[in-house]
Every structure is written in structure tokens, then in C-alpha cells.
Amino acid sequence: MKKNLADIIENLYESKSTGLLTIIFASEKNLFKFYFKTGQIYYLSFGFKKGMQCLNEIISREPVSYNFIPQISVDITSNDIPSTEDIITTLRNMNKFINSEDPMSFHSSDFQKIKDVIKTALIRQIGPIGSKITEKYIAEKWIPANPPSKNDLLNLVNLLKEEIEDPISRKEFLNEVNKFIGGL
């Protein structure tokens, strides 16, 4: 089933969501990222482009899939972007449709629990910095489906385990995560 990109953003706006919405475009390696705080878009990025430059990129591209990860944030803002309401109107006029989520995958509340387990396991091995590293990897390096599949979660764990230098600690991290999600 296809959804209008404007409807997806409007739902996040109306539900006052906080987190990261990523859009994957056909034949494009960069993710388009919308950062939300209580429903308002406060930062946009697409490859090396930031803010208003990004919106022009949507016109010529075909969205393939999307993913929303709650509670992800960055400490910077785009001062040159229009209001969230204006972005929704602009996207509605572009008439861009995107594949909606697969009901067989994890739901966002499930993902939040799994993310917490992964984050806690990493913190046990490398200390409090494990929390920031997990959030950074999710925001910048990890490209999951929407919602994340089990393979997506395994890919995240494989990325994070490289942050653990000690082989014994790395194995303990994998064992702890494996007890919760299995398949490692």
C-alpha cells in the first residue's frame, strides 16, 4: 500500500512525535532525514545538504520507503526551513507516494524496547558512552526498513560490536543481546 509523504509527516506532526523520519529514495545512497521535536520539524539533512537545500531535492526523486525512529534527536537546528505546516503543504503539492510499513515487522514500541536492551548491553561493556554511540549509529550509520526487521537489528548489533575492542567483552555483548532478540 502507498501513502502520501505529506500524510506521514502530518501524522507525526498531529501526534506531536519526537524522533527521526528517514526517507530512502530510488537509486540514492543518502537518506533524507526529518528530525521532529513534539511534532515540529527542526532539522533537515540529505547527504551534505542541510535545511532548505534539502526540500528542493525531493522534487526530482522517487521515495521508496520510510522509517520513523522515536526519541532520536540532534543538538542542531535548521534556521532556514519553513514551518512544519508549510512543509506538509509543499509535500502534498508534490504528490510523492511511498510504500507503507510491512505489518510483519517490528512495531515502534517493540523497537524501543529492543533498542534499550542493545544500548544497555553496550553500556555494560564500554561504559556510559555506549548510550551516545548507539544513538549516533542509529541516526547516522544504520539504514533499517520501516519498521526495523530482525535482520536490520542484527546489522545494528554488528555495527555496534565493532566499538568493543576487548574480544571477551564483545562476546558478552553479543550473548546479552542474543538472549533478547536471538539469531546472533
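What follows is a conversation between a visitor and a guide about a predicted model of a protein.

Visitor: Before we get to details, what elements make up the protein, and how are they ordered?

Guide: The model has seven helices and seven strands. Starting from the N terminus, the order is β-α-β-β-β-β-α-β-α-β-α-α-α-α. Of the 184 residues, 45% count as buried. Among contacts between residues at least 6 apart in sequence, 66% join residues at least 24 apart.

Visitor: Let's begin with helix α1. How do you know that its buried residues line one face?

Guide: Helix α1 covers residues 5-14, and its buried residues are L5, A6, I8, I9 and L12. Looking down the axis of α1, these buried residues fall within an arc of 160 degrees, so they line one face of the helix.

Visitor: And what happens at the start of α1?

Guide: There, a side-chain oxygen of N4 comes to within 2.8 Å of the backbone nitrogen of A6. The cut-off for a polar contact is 3.5 Å, and the N4 oxygen and A6 nitrogen lie within 2.8 Å.

Visitor: What makes K16 worth a look in the backbone?

Guide: K16 sits just after α1, in the loop between α1 and β2 (19-25). Its phi is near 55 degrees, which is a positive value in a residue other than glycine. T38 is another such case: phi of T38 is near 45 degrees, again positive in a residue other than glycine. T38 belongs to the loop between β3 (31-37) and β4 (40-46).

Visitor: Why is K16 called exposed?

Guide: The cut-off for exposed is over 50% relative accessible area. K16 has 60% relative accessibility, so K16 counts as exposed.

Visitor: Then why is K119, also a lysine, called buried?

Guide: Buried means under 20%. K119 has 15% relative accessibility, so K119 counts as buried. K119 lies in helix α4 (residues 108-126). Leaving aside residues up to four places away in sequence, K119 touches G130, S131, T134 and E135.

Visitor: What makes I76 partly exposed?

Guide: Values between the 20% and 50% cut-offs are called partly exposed. I76 has a relative accessible area of 45%, so I76 is partly exposed. You will find I76 in the loop between β6 (63-70) and α3.

Visitor: Which residues does I76 touch?

Guide: Not counting residues up to four places away in sequence, I76 touches Y42 and Y43. I76 and Y43 are 33 residues apart along the chain, yet their C-alpha atoms are separated by 7.1 Å.

Visitor: Now for helix packing. Why are α2 and α3 called roughly parallel?

Guide: Two packed helices are described by the angle between their axes and the distance between the axes. The axes of α2 (residues 52-59) and α3 (residues 84-94) come within 10 Å and cross at roughly 20 degrees. Angles under 35 degrees count as roughly parallel, and α2 and α3 are therefore roughly parallel to each other. The contact involves L55, I58 and I59 of α2 together with I87, L91 and M94 of α3. As for handedness, α2 passes α3 in a right-handed crossing.

Visitor: How do you know that α6 is roughly antiparallel to α7?

Guide: Helix α6 (residues 150-161) and helix α7 (residues 167-181) pack at an angle of about 165 degrees, and their axes are 11 Å apart. Angles over 145 degrees count as roughly antiparallel, so α6 is roughly antiparallel to α7. On the α6 side, the contact is made by K150, L153, L154, V157, L160 and K161. On the α7 side, the residues are R170, F173, L174, V177 and I181. Here too the crossing is right-handed, with α6 passing α7.

Visitor: Why is α5 called oblique to α6?

Guide: Helix α5 (residues 129-140) packs with α6 at an angle of about 130 degrees, with the axes 11 Å apart. Roughly perpendicular runs from 65 to 115 degrees and roughly antiparallel begins over 145. An angle of about 130 degrees falls outside both ranges, so α5 is oblique to α6. The residues in contact are I133, T134, Y137 and I138 of α5 and L156, L159 and L160 of α6.

Visitor: And what is the handedness of the crossing of α5 and α6?

Guide: α5 passes α6 in a right-handed crossing.

Terms used: Residues numbered from 1 in each chain as written. Predicted model: local features only at pLDDT ≥ 70, side-chain atom pairs only at ≥ 80, totals over all residues. Heavy atoms only, no water. Buried < 20%, exposed > 50% of the residue type's maximum accessible area, 1.4 Å probe, protein only. Helix = DSSP H or I, 4+ residues; strand = E, 2+ residues; numbered from the N terminus. Arc of directions from axis to C-beta. Polar contact = N/O pair within 3.5 Å; in protein donor to acceptor, adjacent residues only side chain to side chain. Axes fitted to C-alpha atoms, helices over the stretch in contact; angles between N-to-C directions. Left-handed = near helix turned anticlockwise from the far one by under 90°. Contact = heavy atoms within 4.5 Å.
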